[in-house]
Number of protein chains: 2
Amino acid sequence: MPPRTHRRTEALSRERIVEAAVELLDANGESGLTFRTLTERLATGAGAIYWHVANKGELLDAATDGVLASALKAGSPGSPRDEVRAVALGLFDAIDRHPWLATQLALQLSRGSVTPRIFEAVGRPVHALGVPEGHRFTTTSALVSYILGAAGQNAANARIPVVPANRTEFLDTVASAWEELDPEEYPFTRSVAAELREHDDREQFLAGVDLILAGITAVHRPGEPG
Amino acid sequence: MPPRTHRRTEALSRERIVEAAVELLDANGESGLTFRTLTERLATGAGAIYWHVANKGELLDAATDGVLASALKAGSPGSPRDEVRAVALGLFDAIDRHPWLATQLALQLSRGSVTPRIFEAVGRPVHALGVPEGHRFTTTSALVSYILGAAGQNAANARIPVVPANRTEFLDTVASAWEELDPEEYPFTRSVAAELREHDDREQFLAGVDLILAGITAVHRPGEPG
DNA sequence: ACCTGAACACCGTTCAAGT
DNA sequence: ACCTGAACACCGTTCAAGT
């Protein structure tokens with residue numbers, strides 16, 4: 001029996017290609033996915049991949065679709081507010097695990113199936129919250145914009161390679177830099193450096209969601225507590 | 001006197017390079033800026049550009065910085081709320097004019113001088129609004145996230161080349177597509193297609209800002225009107 | 001000190017040729 | 001029907017050579 005230097009070659013398929021693409025993106029970021037790394041990983045030629053996938057854009061779309069689907073499918077047992085929070089956190093955590101997702105979502109939001117899926121997930125609880133017709137689209141858009149914007153910033157942070165244990169130290173460095181800023185030009189940013197040092201990304205993200213929820217309540221159901 | 005086929009060659013400088021880069025980005029998007037197009041435009045060689053600029057990343061940083069500076073420097077005469085709106089609109093319009101700016105801001109927000117500048121511009125009026133210490137960082141972050149997220153989505157839309165006159169028609173196409181969605185899976189998105197058809201991007205953006213401002217008021221100054 | 005432009009390594013994509 | 005891998009056009013970057 002000859003030594004098996006490579007593991008058994010499974011049949012190439014669209015799924016296996018997309019799966020490998022996601023792994024490469026997760027491991028090495030946007031620039032980690034090239035047709036060279038992909039052919040190497042799949043032990044095949046470039047043409048083989050192009051047989052299953054039209055081009056790199058389609059590959060990125062498929063990767064985005066897959067990851068997005070699993071991010072949005074979390075069950076939603078609680079109140080509308082809890083559901084909004086759950087959907088928001090689902091997207092936040094997905095982008096945290098797959099930083100490239102933020103860029104892709106921003107690029108794909110305009111066209112395709114991405115927008116309706118996110119819209120639907122956020123819009124249902126918005127409706128349930130009692131937001132009147134004529135305001136639901138705008139309200140849902142505001143939430144989606146916030147969620148994607150905040151998660152995208154977080155993803156940008158995640159791209160800076162920092163050992164989790166050093167995160168405190170990292171925040172400390174940034175906070176110290178803020179404290180060194182010109183007091184004439186940056187009085188506010190300086191004054192808020194201490195809050196930066198102590199904040200938690202996830203908590204802060206949720207606080208923003210709650211702020212918008214409070215705004216929704218204030219505008220549309222002014223009688224009730226936030 | 002010989003015919004002047006090219007206009008007089010001005011001295012190459014960092015400023016002239018960055019200026020040309022912005023023009024190429026505005027005209028043809030992210031992919032419109034390459035060292036080939038840039039050398040052609042400036043009638044020079046690649047090495048000449050590298051003499052003034054370390055690499056493409058630095059060039060993009062400089063382009064971002066310049067455009068951002070002019071976007072944030074609008075005077076602010078009114079109330080804190082008006083100032084928040086003015087800063088938000090300034091960024092929104094800048095990204096509308098320079099769609100590539102959204103991507104750059106998202107990528108650069110983590111490090112560098114970009115964050116403090118935006119933070120300062122948004123944070124000052126937040127402070128003036130009466131948000132108490134301990135909540136200013138989170139509140140400002142929420143606004144900045146929303147502003148960049150919403151503007152980024154808008155920039156993604158702007159990347160789809162549509163003649164302004166056809167915009168109504170374009171929205172109509174998207175809205176019609178939404179109305180064709182599976183009623184089981186997308187009840188909310190379908191129900192909101194009509195609102196999509198009639199919305200105005202800029203108004204909607206401001207409505208989101210106002211929603212967050214209402215939330216801030218509700219949470220931190222519960223006695224006062226939104 | 002500043003500029004030229006050929007050369008290099010790398011990228012996405014194509015395609016004739018194989019099985 | 002599916003895969004191979006050389007080839008193509010293009011990209012960012014370098015660098016010996018010029019002025």
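A backbone N or O atom of F35(A) lies 2.8 Å from a phosphate oxygen of DNA strand C, and that contact is a good place to start looking around. This is a predicted model, in which local features need pLDDT of at least 70 and side-chain atom pairs count only at pLDDT 80 or more, while totals for chains, interfaces and linings use all residues. Residues are numbered from 1 along each chain as its sequence is written, chains are lettered from A in the order in which they are written, and side-chain values use heavy atoms, with hydrogens and water left out.

**Around DNA strand C**

- Among the 17 residues around DNA strand C, the nearest are R36(A), Y50(A), K56(A), T44(B) and H52(B); a residue is near a strand if one of its heavy atoms lies within 4 Å of it.
- Sugar or phosphate makes up 49% of the atoms of DNA strand C within 4 Å of the protein, and the rest belong to bases.
- K56(A) has a side-chain N or O atom 2.5 Å from a phosphate oxygen of this strand.
- From the other chain, a polar backbone atom of G45(B) is 3.2 Å from a phosphate oxygen of DNA strand C.
- At least two residues of this surface come from each of α2 (35–42) and α3 of chain A and α3 of chain B, and α3(B) gives the most, with five residues. Helices here are DSSP runs (H or I, at least four residues), numbered from the N terminus.
- By class, the surface near DNA strand C has eight nonpolar, seven polar and two charged residues. Ala, Val, Leu, Ile, Met, Phe, Trp, Tyr, Cys and Pro count as nonpolar, Asp, Glu, Lys and Arg as charged, and the others, Gly among them, as polar.

**Around DNA strand D**

- Now look at DNA strand D: of the 17 residues around it, T44(A), H52(A), R36(B), Y50(B) and K56(B) come nearest.
- Of the atoms of DNA strand D that come within 4 Å of the protein, sugar and phosphate account for 50%.
- A phosphate oxygen of DNA strand D is 2.5 Å from a side-chain N or O atom of K56(B), and a phosphate oxygen of this strand is 3.2 Å from a polar backbone atom of G45(A).
- A base is involved too: one of its oxygens lies 2.9 Å from a backbone N or O atom of G47(A).
- α3(A) gives the most to the surface near this strand, with five residues.

**Where the two protein chains meet**

- Chain B has 55 residues in contact with 55 residues of chain A, where contact means heavy atoms within 4.5 Å.
- Between them, the two chains bury about 4,400 Å², 69% of it on carbon and sulfur atoms. Buried area is the accessible area (1.4 Å probe) that two parts lose on being put together, summed over both.
- In chain B, F137(B), F188(B) and L211(B) lose the most area to chain A, together 18% of what that side buries.
- There are zero salt bridges between the chains; a salt bridge is a side-chain nitrogen of Lys or Arg within 4 Å of a carboxyl oxygen of Asp or Glu.
- Polar contacts link 18 residue pairs between chain B and chain A, both residues being at pLDDT 80 or more. Within protein, a polar contact is a pair of N or O atoms within 3.5 Å, one able to donate a hydrogen and the other to accept it, and residues adjacent in sequence count only if both atoms are side-chain atoms.
- On the side of chain B that touches chain A, α8(B) gives the most, with 17 residues.
- That side divides into 27 nonpolar, 19 polar and nine charged residues.
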